[in-house]
Amino acid sequence: MGLSLTSTNNFPKIDFTYTDKFYHFTFYFVLQLGWLLFWRIIKGLTWQNSARYALTISFTYGLLIEFLQKYLTLYREFDWWDVAFNALGAIFGTIVVLRFQTFFDQKVFK
């Protein structure tokens, strides 16, 4: 959360047009994987219920961060494209895990 509310002026610049969106997608993809595994392993939920909880948390967190950037900082702003790439990362993470749920169940969670 701290990185989401800090100024990015001191970060190294990368010459890539959509770098910020790539970061959003990647962060929420990894966040989603973590939430899915948490709900499945720690809480013992089914993959489908884990996906529901994880998507709800990821979507809510992403939207909350964007509103906090708008209202609590002077150097960050709300961006619907950030929200969209957050959601896409979370959705793609869910698709990947659900696609390979049999592998996880057989090889990882014996």
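Visitor: In which helix is Y71 found?
Guide: This is a predicted model, in which local features need pLDDT of at least 70 and side-chain atom pairs count only at pLDDT 80 or more, while totals for chains, interfaces and linings use all residues. Residues are numbered from 1 along each chain as its sequence is written, and side-chain values use heavy atoms, with hydrogens and water left out. Helices are DSSP runs of H or I with at least four residues, strands are DSSP runs of E with at least two, and both are numbered from the N terminus. Under that numbering, Y71 is found in α2.

Visitor: Is Y71 buried or exposed?
Guide: A residue is called buried under 20% relative accessible area, exposed over 50%, and partly exposed in between, with a 1.4 Å probe and protein chains only. The areas come from the Shrake-Rupley method with that 1.4 Å probe, and for residues only the protein chains shown count as cover. Because its relative accessibility is 57%, Y71 counts as exposed.

Visitor: Which helix gives the most residues to the nonpolar patch?
Guide: The patch, of about 590 Å², is made by L63, F67, Y71, L72 and W80. Patch residues have over 30% relative accessible area and no salt bridge; nonpolar side chains (Val, Leu, Ile, Met, Phe, Trp, Tyr) are joined within 5 Å, and like charges within 9 Å. With 4 residues, spanning part of 47–72, the leading contributor is α2.

Visitor: Which element gives the largest share of the largest nonpolar core?
Guide: A nonpolar core is a set of buried Ala, Val, Leu, Ile, Met, Phe, Trp, Tyr and Cys residues joined through side-chain atoms within 4.5 Å. The largest one has 7 residues, namely L36, W39, W47, A51, A54, V97 and F104. The elements giving two or more residues to this core are α1 (19–42) and α2, and the largest share, 3 residues, comes from α2.

Visitor: How far apart are the end C-alpha atoms of α3?
Guide: The expected span of a helix is 1.5 Å times one less than its number of residues. Helix α3 has 20 residues (80–99) and should therefore span 28 Å, and the distance between its end C-alpha atoms agrees, being 28 Å.

Visitor: What arc do the buried residues of α3 cover around its axis?
Guide: The buried residues of α3 are D82, V83, N86, A87, G89, A90, G93, T94 and V97. The arc is that of the directions from the helix axis to the C-beta atoms. These residues lie on the same side of α3, because the arc they cover is only 155 degrees.

Visitor: Which residues are exposed on the other side of α3?
Guide: An α-helix has 3.6 residues a turn, so residues three or four places apart point the same way. On the other side of α3 from its buried residues, the exposed ones are W80, W81 and R99.

Visitor: Which residue in helix α3 forms a salt bridge with K21?
Guide: A salt bridge is a side-chain nitrogen of Lys or Arg within 4 Å of a carboxyl oxygen of Asp or Glu, and K21 forms one with D79, the closest N and O atoms being 2.9 Å apart. Since D79 lies in the loop between α2 and α3 and K21 in helix α1, that pair ties together parts that are 58 residues apart in sequence. K21 also has a salt-bridge partner in helix α3, at 2.5 Å between the closest N and O atoms, and that partner is D82.
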